[in-house]
Amino acid sequence: MHVLLFSAVVALLVYFSPDPKHETVVLLPGPDGKVGTVVVQRGSQRAVLDKPYAASRSGEAVQLSEGEVRREFGAVLSALPPRPMSYVLYFIAGEDELTDESKAELRRLLDELRSRPQSDIVVIGHTDRVGSDASNDALSLQRAERVKAELLGLGIAAARLRSAGRGEREPLVRTADGVEEPRNRRVEVNVR
Amino acid sequence: MRWMMAIGILAVSAAAFAAEVGEIKTASGTAYLEREGARLPVRVGMQVRQADKLVTGADGAVGITFLDNTLVSAGPNSALVIDSYRFDSTTHAGKFDASLQRGSLAVISGKMVKQSPDAMRIRTPSSVLGVRGTEFVVKVADPH
């Protein structure tokens with residue numbers, strides 16, 4: 001009788017004690033198969049996830065399969081926004097006009113905008129490494145503003161458009177400082 | 001006088017822009033944002049701000065695209081707080097702290113993590129996740 005009562009009390013205590021929550025973290029491969037790293041710090045425990053579908057379940061290392069992850073996380077994964085698309089436009093040197101290739105790219109960009117009515121757009125200017133950092137920051141923003149004005153002129157709503165200047169920080173082609181490189185003088189459009 | 005007004009308007013609109021850190025891109029079922037004590041029903045196109053708390057119901061799911069292209073979604077029965085977010089679109093320097101109190105979360109990290117691998121941190125009730133440029137999912141569930 002006493003044993004039974006004792007068990008019942010223990011069971012009640014266990015049931016109502018503030019159990020730590022069950023937590024699962026799973027690393028996923030990117031679309032190109034590349035995998036990054038997530039570090040899970042749980043008190044003094046530290047788990048490093050760096051393989052596809054490697055998981056930590058409340059501190060315990062587990063290897064899951066793609067199918068298991070789809071089943072368990074299907075709802076949240078399907079709510080992810082679409083990945084941003086990037087379009088790169090070049091101008092004819094010293095002119096305000098896009099190259100022929102870039103005119104075709106601009107048409108693809110406009111198609112993408114139509115197929116994504118909820119999208120917003122970030123126009124990002126880049127320069128080559130001729131000139132100072134400050135002047136390149138200003139020039140890259142100026143290039144971005146020019147393309148933004150063009151998109152406004154094509155009827156894209158101002159509320160959907162943002163601009164940014166990256167200066168010479170993100171060259172497509174690496175060069176020494178002071179080197180002219182037309183492929184780096186570009187404007188990138190992110191459709192998000 | 002007129003140019004002073006113009007600068008004033010520019011400053012105000014820049015500040016309003018800066019307060020917005022992301023945009024709701026997908027929304028289904030019951031979901032709202034808690035902001036300054038108010039409950040705002042979530043709809044696509046709505047702007048997300050620092051300190052917002054996203055809450056979803058049993059049928060709810062929401063996806064957000066942040067300024068630096070970080071993609072985040074919350075699944076059903078979730079509570080996610082955007083503790084702090086800042087991003088410099090010129091240098092890509094930034095900081096992103098969020099807390100998943102319950103439910104599920106999916107993340108595809110963006111430009112700030114590419115720039116500095118320690119820029120993004122996710123807290124759960126018992127863990128802190130450091131994100132080194134990657135895609136991952138998290139679930140916080142009651143054991144019962």
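**Notebook: chain B, surface, fold and two loop residues**

I looked up the accessible surface of chain B in this predicted model, and it comes to about 6,400 Å², of which 57% belongs to carbon and sulfur atoms; such areas come from the Shrake-Rupley method with a 1.4 Å probe, and for residues only the protein chains shown count as cover.

I note for the record that residues are numbered from 1 along each chain as its sequence is written, and that chains are lettered from A and ligands numbered from 1 in the order in which they are written. Local features need pLDDT of at least 70, side-chain atom pairs count only at pLDDT 80 or more, and totals for chains, interfaces and linings use all residues, while side-chain values use heavy atoms, with hydrogens and water left out.

I then turned to the fold and found two helices and twelve strands in chain B, where helices (H or I, at least four residues) and strands (E, at least two) are DSSP runs numbered from the N terminus.

I read that 51% of the 144 residues of chain B count as buried (under 20% relative accessible area, with exposed over 50% and partly exposed in between, 1.4 Å probe, protein chains only).

I next checked backbone angles, and B:Asn77, in the loop between strand E7 (71-74) and strand E8 (79-87), has a positive phi near 50° without being a glycine; B:Asn77 is partly exposed, at a relative accessible area of 43%.

I found a positive phi of about 70° at B:His92, also not a glycine, in the loop between E8 and strand E9 (94-108), and B:His92 is buried at 7% relative accessibility.
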